[in-house]
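Open the model in a viewer and keep the selection panel at hand. The stops below go through it one selection at a time.

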Amino acid sequence: MSQSQIAISAEGVERRFGDLRAVDGVSLEVKASEIYGFLGPNGAGKSTLTRILCTLLTPSAGRATVAGYDVASQPGEVRLRAGVALQEAALDDKQTGAEMLALQGRFYGLTAKATKARVDQLTKLVDIGSALDRRIGTYSGGMKRRLDLALALVHDPQVLFLDEPTTGLDPVSRAKVWQEVRRLNQELGMTVFLTTQYLEEADELADRVGIINKGKLVAEGTPAQLKRTIGTDVVIVTVTGDATDAGRALESLELVERVEVNGPTLTLSVIDGPSAISPIAVALAQVPDTQVMELSLRRPSLDDVFLSVTGEHITDPSAFMASASAAQNLQEPQ
């Protein structure tokens, strides 16, 4: 791949805080015009790497470039070409949205005329509407997120960094942000580096996904590729008491490829889900002092991939269903 096709590159990047390696030798490449979803549990190092790529932290070792410029030796060039919306929006509640956007344009050296033209474009691209003339203190959480996104776009960046852009939003507001991110990528060809804890967000938006755990990149690929790595179907079984004995009993079954035990829940990767249900039920019935409370079959999800490579879940299923439902409702004609 030529350098012009690479928007973000990291080669053996490390970031140490004393004896702690928050980022431990991460290497990755993000193609131009790609949405790259970056996943990880709290404390995994995803926000630290994002801050390195945004020039807010310097790497302790390794090298990283954004839009072809080195984040350590050419931070000014990177900042001119990157838009950044971090977890905590730096907004002044006493100003209006329009005033904040005008100020951001001045920070990037835009003339008043150029800033106004850019703000006019952004109000069509990002759903801000009449709220622009109201004080930011009156905005809802969703409006603040969308204004922060607009602020990151004032200087028309090549690369957009979004660090958990929908955390704390209700499902409808979250789905609206998804629509705006997708539109930026499709209509403007903007490269998006999306850090998120919402697996359905990465599944919905990302062309490729990277999973970081304990500072290391432990998996990478398209959502479909990652799902295929853990089997065709997944059987979830919840039993009474400790599921360890039940897990041992199921590991010997021919159709069962892998068994993950997490408290009273067993997650089984199986070759043929419908055919595996009966043998699994029979095997569990023979485990002493074990009663099956729930058994279900489903297709693999990114949460299954995440569990497989990190040993823990990242999302609450109810949050997934609420967000997926909201996204579907927004896409349906009213």
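Start inside the protein, at the largest cavity. Select helix 5 (residues 141-153), which supplies 3 residues, the largest share of the lining of this cavity. The coordinates are those of a predicted model. Now extend the selection to the full lining: Ala-85, Leu-86, Arg-145, Asp-148, Leu-149, Leu-162, Pro-165 and Val-177. The space inside the largest cavity comes to about 70 Å³. Colour the lining of the largest cavity by residue class, and it divides into 6 nonpolar and 2 charged residues, with no polar ones. Arg and Asp count as charged, so the charged pair in this lining is Arg-145 and Asp-148.

How many cavities of 30 Å³ or more does a search of the whole structure find? The search finds 3.

Move to the second largest cavity, which holds about 60 Å³ of space. Its lining is made up of Ile-230, Val-234, Arg-258, Glu-260, Thr-267, Ser-269, Asp-304, Leu-307 and Ser-308. Strand 12 (256-262), strand 13 (265-270) and helix 11 (302-310) are the elements that give two or more residues to this lining. The largest share, 3 residues, is from helix 11. By class, the lining of the second largest cavity divides into 3 nonpolar, 3 polar and 3 charged residues.

Zoom out and colour by domain. Domain 1 covers 6-227 and domain 2 covers 230-300. Place a marker at the C-alpha centre of each: the centres of domain 1 and domain 2 are 40 Å apart.

Next, select strand 1 (residues 6-17) and strand 2 (residues 20-31). These two strands run antiparallel and are joined by 9 bridges. Label Ser-9, and its bridge partner in strand 2 turns out to be Glu-29. Label Arg-15 as well: Val-23 in strand 2 stands opposite. At the turn of this hairpin there are 2 residues between the strands, and Gly-18 takes a positive phi near 65 degrees.

Widen the selection to the sheet. It is an open sheet of 4 strands in the order 2-1-4-5, with antiparallel pairing. Which strands are the edge strands? They are strand 2 and strand 5 (69-70), each of which pairs on one side only.

Stay with the hairpin for the charged side chains. Show Glu-14, Arg-16, Arg-21, Asp-24 and Lys-216 as sticks; a network of salt bridges links these residues. Over the whole structure, a search finds 18 salt bridges. Three further pairs follow.

**Arg-81 and Glu-77.** The closest N and O atoms of this salt bridge are 2.7 Å apart. Both residues belong to helix 2 (residues 75-81) and are 4 residues apart, about one turn of the helix. Turn on the surface and check Glu-77, which is partly exposed at a relative accessible area of 30%.

**Asp-93 and Lys-144.** Here the side chains meet in a salt bridge of 3.7 Å, N to O. Asp-93 lies in the loop between strand 6 (82-85) and helix 3 (97-107), while Lys-144 lies in helix 5, so the pair ties together parts that are 51 residues apart in sequence. Asp-93 is partly exposed, with 39% relative accessibility. Lys-144 is also partly exposed, at a relative accessible area of 26%.

**Arg-174 and Glu-200.** The salt bridge between these two has its closest N and O atoms 3.2 Å apart. Arg-174 is in helix 6 (residues 171-188) and Glu-200 is in helix 7 (residues 199-205), so this pair ties together parts that are 26 residues apart in sequence. Is Arg-174 buried or exposed? Arg-174 is buried, because its relative accessible area is 6% and buried means under 20%. Glu-200 counts as buried too, at 5% relative accessibility.

To end, return to helix 5 and show two of its features together. This helix carries Lys-144, the partner of Asp-93, and gives 3 residues to the lining of the largest cavity.

Technical notes: Residues numbered from 1 in each chain as written. Predicted model: local features only at pLDDT ≥ 70, side-chain atom pairs only at ≥ 80, totals over all residues. Heavy atoms only, no water. Pairing = 2+ DSSP bridges. 1 Å grid on protein atoms, 1.4 Å probe; cavity = no way out; pocket = protein on both sides within 12 Å on 5 of 7 lines; lining within 4 Å. Points joined across faces, edges and corners; volume = space filled by probe spheres on them. Domains from an automatic or database assignment. Salt bridge = Lys/Arg side-chain N within 4 Å of Asp/Glu carboxyl O. Buried < 20%, exposed > 50% of the residue type's maximum accessible area, 1.4 Å probe, protein only.
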